[in-house]
Amino acid sequence: MADVRLASAQGKWILLTTVLGSSMALLDSTVVNVALPRIGLDLDADLAALQWTVNAYMLTLAGLILLGGALGDRFGRRKVFVVGVVWFAVASLLCGIAPNGEVLIAARALQGVGGALLTPGSLALIQASFHPDDRAKAVGLWSGFGGVGAAVGPFLGGWLVDGPGWRWVFLLNVPLALLCVPVAVRHVPESAGGTSRSWESPGSAEAGRGGGAGRGGRRSHDRGFDILGAVLGAASLAFITYALIEARAGSVAVVLTALAGVATAVAFVHVERHRPDPMMPPEIFASRQFTAVNIVTLFVYAAFGGFFFLAALQLQVVSGYSALGAGTALLPITVLMLLLSARAGALGERIGPRIPLTVGPLLCTAGVLLMLRVGPDASYTTDVLPALLVMGLGMVTLVAPLTATVLASVSTDHAGLASGINNAAARAAGLIAVAALPLIAGMGPEAYRSPTQFDKAFDTAMLACAAALLASSALSYATVRRPAPDCHHPECRTHGCVTAPPLEGTQPGEAESK
């Protein structure tokens, strides 16, 4: 087990490179929404192309993030992390020079693959490298600095869009990677599987609390990867996303694609139930609490994904904000999360998660409904800011207890796997929401070019987001219970990302001791 101390020079280098790597993925999850109107005008893209610009990235990231963590366990966390950073940078360069919407969408999908490699790897490197006495503090610093990156993202993205141009939203990742990779190669120790495993490998998953319920007991770390499961999961999301985005056409191809999405989803479940080394072992869902809180996650992050996708467009298309103005306008939510998420987590531990997970979505519902007041010539102080403050308080209230409940609902040695599944579920929910909400709201292909049409559809979409949040609140009240006192507690106390809950890893030594 590595024993790097945080105060050492090497410890500081490790923290720097992991923060840089994770910040690249966090930045791209927040800055692109602000750039969408300018991308559409510059590339003459319709609304469907803008949806795909967001969703191509989310699709590969959500579909492959569990596999990415397992690859690090097998081949070395530093190696896979560096590959992910280089891959992400090359894909970002392709995004920045894309001559049309089709190339941009393809490059965004490649970006998601890189994100799936580096996102779990950054946390795993910290947990595998630092001395146990410093590990919690290192994770806290990594999470906090990453949150700052997420908070700065919309502001930075808006400045780049209004200044040198939207292409620099992507090109910015290249110099970050050029700094990150040499530091990682020189200063970060390599670790893999049996050395110090902090991300639960698909081949080692047992189910639920108590750990021994899995078929055949503990599975060997050296079993094969569930590549088939990853491909089927990603394919199902891709087919369903395509069907929702292109449903306005009402063609036979859309119907066939929707059926293919359902068929591949059924095949995915079948494969996971019968493989000896599933990516998402069905036994873990034997915990009713784990199943329920993941359904809550789907509702909550579907609302969040749809909200942030459409709010950035509403502020620019309807209210007349610049890209910088829209990005700055959204800052209060991430600032509130950075300042208060740790306290919200502590409160949830004292009173239990049921109240925060019930009240938080209700506050978010109020924030979403307040956005109905944001129209042409909206005042920031009286129309936009109150909605975002209430929305931010709701997110602060629910995100930390949501993560804690996920971890508490499974055995300690499955914390990494449970967190990975929950993170992937959140990203998949946002993906589906971005695909479905414009269809539900009746947005046409050129809706973002018409302030009147977009404003009307935006109101309908916000009502749909509010309904999803109300459903999550009711489900939380009915199903969430106080966890056992000896459960796994989150290490990431500070969090600022709005697109997915924080990742947690199985702490080194925990899995091996079970």
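The secondary structure of the protein chain, taken from a predicted model, comprises 17 helices and 0 strands. Of the 514 residues in the chain, 61% are buried. Contacts between residues at least 6 apart in sequence are dominated by distant pairs, with 85% of them joining residues at least 24 apart. The accessible surface of the chain amounts to about 17900 Å², and carbon and sulfur atoms account for 68% of that area.

Two helices were examined for their span and for their buried residues. Helix α7 (residues 173–187) has 15 residues, which should span 21 Å at 1.5 Å a residue; the end C-alpha atoms of α7 are 21 Å apart, so the computed and expected spans agree. The buried residues of α7 are Asn-173, Ala-177, Cys-180, Val-181, Val-183, Ala-184 and His-187. These buried residues pack against four helices, namely α1 (9–43), α3 (77–96), α4 (101–129) and α6 (167–171).

Helix α9 (residues 252–274) contains 23 residues and reaches 33 Å from its first C-alpha to its last, close to the 33 Å expected at 1.5 Å a residue. Val-254, Thr-257, Gly-261, Thr-264, Phe-268, Val-271 and Glu-272 are the buried residues of α9. Their cover includes helix α8 (227–245).

The largest pocket encloses about 860 Å³ of space. Its lining is formed by 30 residues, of which Leu-237, Phe-268, Met-280, Leu-298 and Ala-428 are the closest to the pocket centre. Two or more lining residues are given by each of α2 (47–75), α8, α9, α10 and α15 (415–441). By class, the lining consists of 23 nonpolar, 5 polar and 2 charged residues. Phe-268, listed among the residues closest to the pocket centre, is also one of the buried residues of α9.

Leu-298, another of the residues closest to the centre of the largest pocket, lies in helix α10 (residues 288–318). The relative accessible area of Leu-298 is 38%; because this value falls between the 20% limit for buried residues and the 50% limit for exposed ones, Leu-298 is classed as partly exposed. When neighbours within four places in sequence are left aside, Leu-298 is in contact with Ala-425 and Ala-429. The C-alpha atom of Leu-298 is separated by 9.0 Å from that of Ala-468, a residue 170 positions away along the chain.

Notes:
Residues numbered from 1 in each chain as written. Predicted model: local features only at pLDDT ≥ 70, side-chain atom pairs only at ≥ 80, totals over all residues. Heavy atoms only, no water. Buried < 20%, exposed > 50% of the residue type's maximum accessible area, 1.4 Å probe, protein only. Contact = heavy atoms within 4.5 Å. Expected span 1.5 Å × (residues − 1). 1 Å grid on protein atoms, 1.4 Å probe; cavity = no way out; pocket = protein on both sides within 12 Å on 5 of 7 lines; lining within 4 Å. Points joined across faces, edges and corners; volume = space filled by probe spheres on them. Nonpolar A, V, L, I, M, F, W, Y, C, P; charged D, E, K, R; others polar. Areas by Shrake-Rupley, 256 points an atom, 1.4 Å probe, with all protein chains shown as cover.
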